[in-house]
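Here is a friendly walk through one model, strand by strand and helix by helix. Have the viewer open and follow along.

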Amino acid sequence: MLANDLLTRMEQGDRRALARLMTLVEARPPEIYAVMSRVARLARGTPRLGITGPPGAGKSTLIDGLIRLLRGRGKTIGAVVIDPSSPFSGGAVLGDRVRMQDHAVDPGVFIRSLGSRGSHGGISRATMEVALLLDAFGMDEILIETVGVGQTELDIMGIADTTVVVLVPEAGDTVQTLKAGLMEIGDIFVVNKADREGALRMAAELRAMVEQTPSPKSWSAPVLLASAREGQGLEELLEAIVGHRQYMSDRPEAEAFRRNFHRRQLIEIILAELGMRLDANPAAEAIYERVMAGAQDPYAAAAELLTDPARLAELLRLRR
Ligand SMILES: Nc1nc2c(ncn2[C@@H]2O[C@H](COP(=O)(O)OP(=O)(O)O)[C@@H](O)[C@H]2O)c(=O)[nH]1
Ligand SMILES: [Mg+2]
């Protein structure tokens, strides 16, 4: 089916069309620009909530709980789950699937898993675009789950309007080593699995760190306790999220954030396209071969190309 028909059907609320558009976003055929341009104009600017933290912290369980809570309030929800544990299938791990199954039959919920590899031009761009599709589809809330403490969540910085960092009582060492980066990204901290020992101490440590971290914002990140599996602490989390959104919308940096997001979006789109062109151009093969054979290091090869704009332009000109 033509991408335009898919779009029309998606606008009419067809979930299968939405799913196929998401597949298109990952496969990235040339017509993607026309499609996403329409999607971008349909999108309403729905806030994106990022949930990040180490594997096993309970992010999916927390999202599951938030979905239930929000559904109870009549909200529709789109979620993007980035799951590096399943690079080949691009699907969710079994646990996620089983847990999220309840929502699969709910027309007010749409959950999409992205493999952390296999998305042309990077996971960051794919996430942005899937979130944009969910926005254009008309979801009231958009949740993004990413795994990691250190790298991946930096990617959702700039994608998420509010970032929740989920930790567990035992994560003390991790927190100490990652201090700065971790403190910077979190708008809200959740010590999940508060049914376990050490949760209070962990929360107190985090609070002290939040206070010590110099921040250009006057927002002081709350540190909450939750037990996602028992459904405890979710109301408070939702309250904190709403509080952060309100704070942001009243701030001068809200406009700067919006502008910066669009700027990043544009750069991501261009980079993804350029990367694909370079990757697919047979004329660039000789360069790759040199690097792959170890005859030239990738930095020297890149520098050579970057200082020869005419040659670079030649390599970027064509798309299959
Ligand atoms: N004890 C306890 N276990 C939890 C809690 N929340 C989640 N879990 C368990 O922690 C494991 C990992 O949860 P999951 O949501 O998949 O973590 P994710 O990798 O961060 O998405 C699962 O076995 C959950 O049942 C909690 O509040 N308390
Ligand atoms: Mg998960």
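## From β7 inward through the sheet

Strand β7 (residues 223-225) runs parallel to β6, and 3 bridges join the two. At this seam of the predicted model, Val-190 has Leu-224 of β7 as its bridge partner.

Val-190 also helps us step to the next strand. On the other side of the pairing list, β6 (residues 188-191) pairs with β5 in the parallel sense, over 4 bridges. There, Val-166 stands opposite Val-190. If you colour β6 by side-chain direction, Ile-188 and Val-190 point one way, Phe-189 and Val-191 point the other way, and all are buried.

## β5 and its two faces

How many of the residues of strand β5 are buried? For β5 (residues 162-167) the count is 6 of the 6, so the strand is largely enclosed by the rest of the structure. Thr-162, Val-164 and Val-166 point one way, while Thr-163, Val-165 and Leu-167 point the other way. This fits a familiar pattern: in a regular strand the side chains alternate between the two faces of the sheet.

Besides β6, β5 has β1 to pair with. Strand β1 (residues 48-53) and β5 pair in the parallel sense over 4 bridges. One place to look is Thr-52, whose bridge partner in β5 is Val-165.

## β1 to β4

Following β1 further brings us to β4: these two strands pair in the parallel sense over 6 bridges. Within that pairing, Arg-48 stands opposite Ile-142 in β4.

Strand β4 (residues 141-147) has 7 of its 7 residues buried, so β4 is largely enclosed by the rest of the structure. Glu-141, Leu-143, Glu-145 and Val-147 point one way from β4, with Ile-142, Ile-144 and Thr-146 pointing the other way. The two glutamates, Glu-141 and Glu-145, are thus listed on one face, and they are buried too.

Asp-140 lies in the loop between α6 and β4. Asp-140 counts as partly exposed because 16 other C-beta atoms lie within 10 Å, whereas a buried residue needs 20 or more. The C-alpha atoms of Asp-140 and Val-109 are separated by 10.0 Å, and the two residues are 31 apart along the chain.

## Helices packed on α6

Helix α6 (residues 123-137) packs with helix α2 (residues 15-27) at an angle of about 155°, and their axes are 10 Å apart. That angle makes α2 roughly antiparallel to α6. The crossing of the pair is right-handed.

With helix α11 (residues 252-280), α6 packs at an angle of about 120°, again with the axes 10 Å apart. Here the angle makes α6 oblique to α11. This crossing is left-handed.

## The shell around ligand 1

Which residues are closest to ligand 1? They are Gly-58, Lys-59, Ser-60, Thr-61 and Arg-229, out of 15 residues that surround the ligand. Helix α4 (residues 59-72) gives the most to this shell, with 3 residues.

If you are thinking about the chemical make-up of the shell, its residues divide into 3 nonpolar, 7 polar and 5 charged.

## Backbone angles worth a click

Most residues other than glycine have a negative phi. Two residues here go the other way. Arg-28 has a phi near 65°, and Lys-193 has a positive phi of about 60°.

Are these two buried or exposed, or somewhere in between? Arg-28, in the loop between α2 and α3 (32-42), is partly exposed because it has 18 other C-beta atoms within 10 Å. Lys-193, in the loop between β6 and α9 (199-212), is buried because it has 26 of them within 10 Å.

## A last stop in α10

Tyr-247 is found in helix α10 (residues 234-249). Tyr-247 counts as partly exposed because it has 16 C-beta neighbours inside 10 Å. Its C-alpha atom is separated by 7.6 Å from that of Trp-219, a residue 28 away along the chain.

Conventions
Residues numbered from 1 in each chain as written. Chains lettered and ligands numbered in written order. Predicted model: local features only at pLDDT ≥ 70, side-chain atom pairs only at ≥ 80, totals over all residues. Near = placed C-beta within 6 Å. Nonpolar A, V, L, I, M, F, W, Y, C, P; charged D, E, K, R; others polar. Buried ≥ 20, exposed ≤ 12 C-beta atoms within 10 Å, placed from the backbone. Pairing = 2+ DSSP bridges. Axes fitted to C-alpha atoms, helices over the stretch in contact; angles between N-to-C directions. Parallel < 35°, antiparallel > 145°, perpendicular 65-115°, else oblique. Left-handed = near helix turned anticlockwise from the far one by under 90°.
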